Structures are given as C-alpha cells and as structure tokens.
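Dear colleague,

I am passing on the structure below, together with notes on what was found in it. Please read the notes with the coordinates open beside them.

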Amino acid sequence: MKIQDNENSALIPKLEIVNMHFSYNGARDVLSNLSLSVQDKQFVSVIGDSGAGKTTLFRTINGLEKINQGYIRLDGFLQSASFFHIPAEKRSIGTIFQDYALFPHLNVEKNIKYALQSSNFDKKFYEDIISLLEVGDLLDRYIDELSGGQKQRIALARSLVRKPKLLLMDEPFSNLDRNLRVQIRRELKKILTEIGSTVLLITHDSEEALSLSDKVGFLYAGEIIQFSTPQQIYNAPDHSVIARSISNSNVIFGEVYEKNVSTFIGKFLLNENFDETSKIYINVKPNQLSLSFDESNFVIKDKEFLEGSQLFVVKEIDSGIELNVKMSNSEEFQIGQNVGINIIKKEANKLLE
Amino acid sequence: MSVLLPNSIILKKIRKLDIGLGFIYISSLILSFFLILPLLYLLFKITFEFNLFFDFIFNTTILKLSLNTVSLIILVVTFSILISLPLAFLNVRTNLPFSKYLTSISVLPIALPSYVMATTQIEIWSKNGWVHNFFKMFFDMNSFPSFYGLPGSVFVLSLITYPYVYIGLSAMFRRFDYQMIDASRTLGDSPFATARKVVFPLVKPTVIAGSLLVSLYVLSDFGAVSLLRYNTFTIAIFNRMYNSISNYGVLEISLLAVLFCFIILTIETKTKNEARHFSNSNLSDLKKIDLGAWKWVIFPISLIPLIFGFILPVSVLIYWLIIGFGENMGFIDVIQPTLNTLFISSVSAVFITIVCIPLLITIRKNIKIFSFLIDKVSYIGLSLPGVIVSMSLVFFCINYFDYIYQTFIVLVLGYFISFLPAALGPIKSSMTQIDPKLEDASFTLGASKIKTYYNVIVKLSSPGFIYGGVLVFILCLKELPVTLILSPIGFQTLATEIWSSASEAFFVKTALASIILVVIAGIPSYIFMSNDLSKRLGN
C-alpha cells in the first residue's frame, strides 16, 4: 500500500518554500524570508519555541493564510505567492491539528469518510488504512468516547484516506502523556514509512523531532536558521539559540587563535582555523565537562536526574555564569557543594550569536 | 464513637434514624403528590369525557386557537433567533466597540415582566402613541396599523425572550472550536460546505435549546397577550374560567396546552440526546474578527434590541411617573400591594426552599424508581403554564378542599408547583459539589444520619439555598397568572395591580408599581442572568 507514486519524485521537491514572508494585517513579519524544502517520502520536522511562528507556518502551508512574499510549491505546482493563492480545500495536504479537530457531531466512521466522495473512493485503500491503524472497532463510537491515542489514530486515518501529497502535523503528540507519546511516535513512524508518506511535522519538542525526522529545521523569529540532519543539528548547531534549546549546551565566550579557543574554564579545539585572534562563542555539550572535588570556584545550584545520568547546573562564584554538566548517576555531588570543572572532551564548534 | 457503644444503644439509634428518614420519604411523597396534582387532575377529569375531548378539540374555534398559539410561537422563536444570532456573534467574536459591556447588558430586556413590556410598548407603537403622534406632526396619519393582536404580541415577546437564545449562543460562540472550520477546509470543503456540514450542525443544538425555552415562555405567557388582546390557550382558559358561566372547555384547552408543552419537551430531550457528544469546551485562544471601519456602522445597529427592549420602555415608565405625579395619580395606593408582594413572595420563597430539603435527600438517597420519580416530578412546574397550574388547583379545591380555596395556602401551593425547579436547580448543584467522603467522615465520627445531613449537606450547600431562595422570591414578585387566579379576594400584589390598571387602559397609574417591580425583581433577574452568562463565557 503506497500513498503516492511520482516518477519525478527524485527531481522535484515535494514541498518547496522559497523566501516566504507573512504578516497579519500588514504588521511586523511573523515569518520572514523563510525557505524550506521537503523531498518525496522524507520526514521533516520544524522545531521552534513559542512565538517563533510555528502555527503561522502551518497555516500558510495548508492554505489557511495567504502569504505576502515568496512562494510555496507542492510537487512543483505553485500553491501560494503574493499574487496567487490556492485555498485550503483545493490543496492536497493532509492536516493533523494539535487538538486533532475531530468533529464531535459525527462518529468515527463519518469523521474518517468526511472528505471522501460517497460513491467514488478507493475502498481498498480505505480498508487498508482502517486495518493498518487498527481503528475498525471504533467506527461506531463518537469522539468523546475515545482515548487520546485513539483520537490521534482517527485524525491520521482521516487525513491519510484522502491520499494527500503531503502530511502536515501540528504538535500531534502534545496532548498525550509521556509513555503513550513515545509508543505512538514509534507506531506512527512505522505506519508512515510503510505507506510512503511525505511528512512535515511542526513541533516545539526537539526530542520528538530528532527521533522521527530525516531532516530538521530550526525556526527562530520567523526564519529557518538551520536546516540539516538530526545528527548535525544536535552535534554541531550553527546558532547559540539552537545549542541552548536542543541539547542543554553551554554557550561559552572565548578568544580564538588558529584552532585554539581560550575560555574561563580552559582551552578547547575548533575544527576550523582562525589566522587572527578573534572573540567567538563556542558550543560545549554538558557531557564534555565533569565536576571535581579538588577545586572550588564553582557551586552546585541544581541537579536533575535523567535516564542513566544526572544534569548539574553549576555557577561560577565570581561571575555568576552558569554551566550545565552531565555526569553518570554514580557521582554523588550535592546542591550547595563547592566544586571544580574539568574538560573531558576538548572539541567544540563555533556558534553564530 | 458509635463503635464503642453497647449493641442495644446502637440499635435504638438506628431505629430512630429510620423513623427520621421515613418521615422525610413520606414528606417527599406528599409534596410530589401536590406537584403532580394539576396534571393528575386534568388526566383524571378527561378520562371520563375522552370522546368529548376529541369532539371538542376538532372544531373551528379550538383549531383557530391552536393556530393562533402556534403562529405566535413560530414567529417569536424566529425573531428571537434573528435578533440573538448576529448579536451574540458580534459581541463575542468581533472587535465591536464596548463589546465587553454590551455582551452583558444585551440581556437587560429580561428585567421587564411581560405585562410591563406590553404596556410600555403599547404606549410607543399603538394608535395615538409616541410613534403615531410623531408622524402626525409631519404627515396626515388618519390610518395607522394596529399594534394589538399578533404584531404587537410578536414584537413584545420577541424582545423579552431573545435573551434566552442569546445567552446560549454567546456561550457557544465563545467555546466554539474554530479548528473545526480549518479542519473541514483542509479536508476539501468549500466555505459553504463547511458551514453546512460543520458549523450548522454544531450551532443547531444551542439554537434549538434556546428556541424551546422561548416556546415554553410564549406558551405560558399570560400578561403580554392578555393586554395585547391576542387569543392564545392561556387567554382562552382564563376567559372561560371567569367570563363564562359553565367553565365550558377549560379542561380540554388546558390539556391541549399541556400536550403542546410535552411536544416541546420531547423535542428538547431528543435534541439533547443528539447533542450529547458535542463538547466545544475550548475556552482558550479567542481570536476576534477585526471589523475594521465597519464596526462604527454595526455598533449602533447592535444597540437596537437594547434600545427597544429596555431603554425605551423604561423611558416610558419614567415619563408616566412624571405625568402621574403632576396629575396626583394616587401613587400612595401602591404601598399596600408592595407590602403584600414582599410578604407573599418571602413566605413562598422560605417555604419552597425548606421543602427542597426532603425532596433532595430522597433524590440523593438513590432509591431506584422512587428517587427517579421524585426527581422527575420536581421539574413538572417548569413546563406547565401558570394559568393551568392555577386552574387545576381552583377546580381541585372547589371539589375536594373547599376550606383552603382562596386562602394563602393555595396561593403558596401554586407558587410551589411553578417555582420549585428554580430553587431545586442551584441547591442540587451545590449539593453535588460536596465531597461524599465528608458524609462518611461524619458517620465515622458518630453523628446520626439526620445530624450528618444537616451538618454536612445542608450547611455546605447553604449558598445554593440562598441563591435558590432569592431566585424563587424574584419569580414570585413578578408572577401574574398564579397570583391573579389564586389570591384571596382583595389581596392585590404589584403584578395584579399593574395588570388590572393596564387592562382598563390606566397606563399612567401602572408607572410607580412597574418601576418598583423592575427595581426589586427585574434588575436582580438581570443580575442573575448576566452572572450566568459571565460564568458560561469563562469571564
């Protein structure tokens, strides 16, 4: 069962957004100069904090808002431009809303068949989706009789039975509890891979985006500031805001010459060369640092137990600068204790401010 | 510490409690009998003349009466929706100027009893009224359309009842999940198809619920239609009781009216059942539509219901009051009816609030069919027009309890049947909020059941009792048909005083009584409604 077969899929991006600008009623740009490209069968996520423009991006792609500049193409066909707009109902984009937006006055079956022509739809595909998502037993129920996970599967079924060219999801896991979220995430990924869907997920949850996606875009102040693989964005973020947001990284100011960076906690090595002395910010992950008893120019401000490790927040006594340090669970440091900091891995990357 | 007491003492205690609860159950049974009395009496009388009933209702006079009532209901419901739908949408979902205040004050017409609204609107719209006199200054206005009959009744009742639809719609628009519209669009529906397939089905239950309330109001109304001389069921029953010798047809017309009520209630139950899965409870993310410069055009239009439904009628009352003082209209006569009104309303409110206790304990005990029946019977007054309640009590008393006829007992009984649901609602809701563990805690501390019910249930639900009592008090202050029919001879209240003077076209004489009634009953009614609206809007 495949949702689409496009011979040109390798050549043309499934979704292409180029230099898009959007503002509400001519006010300040909510999205500015935004570009993004999603290839066929790719799972792409856009991460962003509150107010970054995620919901607006979602609404411009599915045609609920008109854009001011730039363009959006789907399968090479123009969908939105400053002079042109295909309305939401005419775009072949399957949408999953944050609260699922299932119709409370219709039962599950009528919700799923909502967009299908009563006489003319691919019954085989419909039945395959029902069976794949295991919603056959729920068809007579109403939405208020479903659990969060069931609602999500119904919303997915409702979008998929239309065979959309692109599946667009807005925070689809935010209403689920943590255990269910992880389980449903895995199931969803499996199903979407099986169908061969092209997916754009918009979320604030970096863990969700990194674990599901082939590529991740980071949306900041209405602009995609980095678009790369999950590994790249996690290991070598371009911007200090991404470093802080995604991996609890420390953004440390230092002075660089050639590949050596001197900072207030010690020296780091860059993967690029500087001929002249410069002042830069570098990205130092919490697991590149460790705590020691021997020196005492830092104090432990807070600690948090994570799976298999613990994250310490330590403060430099003189300057008040705070650093995140990740260590194994066996280490016994207490809040309020004076400690020193050691660098256990010297490689770092330069960050844009 | 009952566990430490010897067995015999515990047994005694239990026996004592059983007697206490038994007394409560018997009281509930007696009260329920009185509640169901009007209906029982009608059915009892009609079973003896079943064939005659059908002969009676299928004649031209009765069919015309039914048609009159149905057309009034349909027209008032239509106009109530036409007024409240745009008004609620504009106030709640757009950036209309002062919409925050307008949302609440748009329900102000509810402060006017229907007979006060009718008298004031007659002054404005009838021949030689304000509007006619105004046009006479510029044009030759020998013929002027009559305000009496259907047009006036529709106008007056629409203005009074639109708040019932408006409140539900405002809450619905506030909670409407706009993602539904987006979802429908992204699933391929045009804006028109979205309106038909999503918006209309989601709005429909609220509109129907409000319309049914309006229908019941119109069916029960006596004050407005009697002053506007429009013949409906209530008027026919009243006239046949007082203006004909044989009371011919009173029972049959009453039964017909009750059938209409049951049809309305059946539709309501069906609609509620259909809408049981609707849960538009999303209060967050309220994005208001920007009307641009149009808001200054729409704003004055949105004030029209308030102007016609409250500002103009109150202006008329003030105008009459000034004239009345100038002409030495004998406003001193209002003192006794005012005192009478306050007396009978207070007594009734206290009585009705107290009798809620045994009824609610019986309902709460959940004794299968018994509690269920008591619960259902308690709400019977909500659907029966006051004229019918009073008529059946009159007939019942004349035939079986002659010695209480035309006493305060029967008047309070009439109020009890009509207004018990109003008290029961808030008391019941405050009771359901009490944590059942508190009852268990009281029992384990050795308190008896009666003591537990008093200390835990009654004391903790006292805000509900106060609210319910005040609500009944207000309703009694305004009530016309029950007071008119069941009052002892010579006992005048504000409502009957206004109605009697207005029936004889002494409108100016009604001014002071009307203003007192609006201040002591109308404004508190408005505050209740407006608070309810605020809660539903999540303010």
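In chain A, β10(A) and β11(A) form a hairpin with two residues between them, and A:Ala221 in the turn has a positive phi of about 50°. Please keep in mind throughout that this is a predicted model. A:Ala221 sits in the loop between β10 (215–220) and β11 (223–228) of chain A, and it counts as partly exposed because it has 15 C-beta neighbours inside 10 Å. The two strands of the hairpin run antiparallel and are joined by five bridges, with A:Val216 standing opposite A:Ser228 in β11(A).

On its other pairing, β10(A) is joined in the parallel sense to strand β3 (residues 43–48) of chain A, again over five bridges, and here A:Val46 has A:Gly217 as its bridge partner in β10(A). Five of the six residues of β10(A) are buried, so this strand is largely enclosed by the rest of the structure.

A second positive phi, of about 75°, occurs at A:Tyr100, which is not a glycine either. For context, most residues other than glycine have a negative phi. A:Tyr100 is found in the loop between β7 (93–96) and α2 (108–112) of chain A. Is this residue A:Tyr100 buried or exposed? With 21 C-beta neighbours inside 10 Å, A:Tyr100 counts as buried, whereas A:Ala221 counts as partly exposed.

Chain A also holds an open sheet of five strands in the order β14-β18-β15-β16-β17, with antiparallel pairing. At its edges stand β14 (289–292) and β17 (322–328) of chain A, each of which has a single partner strand, so one side of each is left without a neighbour in the sheet. Neighbouring strands of this sheet are turned by 40° against each other on average, when direction is ignored. The edge strand β17(A) is joined to β16 (residues 309–316) of chain A by seven antiparallel bridges, and in this pair A:Leu311 stands opposite A:Lys326 in β17(A).

Turning to chain B, its secondary structure comes to 24 helices and zero strands. For its 539 residues a compact globule would have a radius of gyration near 24 Å, and chain B has 26 Å, which agrees. The C-alpha trace of chain B spans about 95 × 70 × 55 Å along its principal axes, and 43% of the residues of this chain count as buried. Among the contacts in chain B with a separation of 6 or more, 82% are between residues 24 or more positions apart.

One helix that can be checked for length is α12 (residues 250–274) of chain B: at 1.5 Å a residue its 25 residues should span 36 Å, and its end C-alpha atoms are 36 Å apart, which agrees. The buried residues of α12(B) include B:Val250, B:Leu251, B:Ile253, B:Leu256 and B:Phe260, and also B:Glu252.

Finally, where the chains meet, 17 residues of chain B are in contact with 18 residues of chain A. On the side of chain B that touches chain A, α8 (179–186) and α9 (191–220) of chain B each supply at least two residues, and α8(B) gives the most, with six residues. The residues on this side of chain B divide into seven nonpolar, six polar and four charged.

With best regards

Notes: Residues numbered from 1 in each chain as written. Chains lettered and ligands numbered in written order. Predicted model: local features only at pLDDT ≥ 70, side-chain atom pairs only at ≥ 80, totals over all residues. Contact = placed C-beta atoms within 7 Å. Helix = DSSP H or I, 4+ residues; strand = E, 2+ residues; numbered from the N terminus. Nonpolar A, V, L, I, M, F, W, Y, C, P; charged D, E, K, R; others polar. Pairing = 2+ DSSP bridges. Axes fitted to C-alpha atoms, helices over the stretch in contact; angles between N-to-C directions. Expected span 1.5 Å × (residues − 1). Buried ≥ 20, exposed ≤ 12 C-beta atoms within 10 Å, placed from the backbone. Rg over C-alpha atoms; globule rule 2.2 N^0.38 Å.
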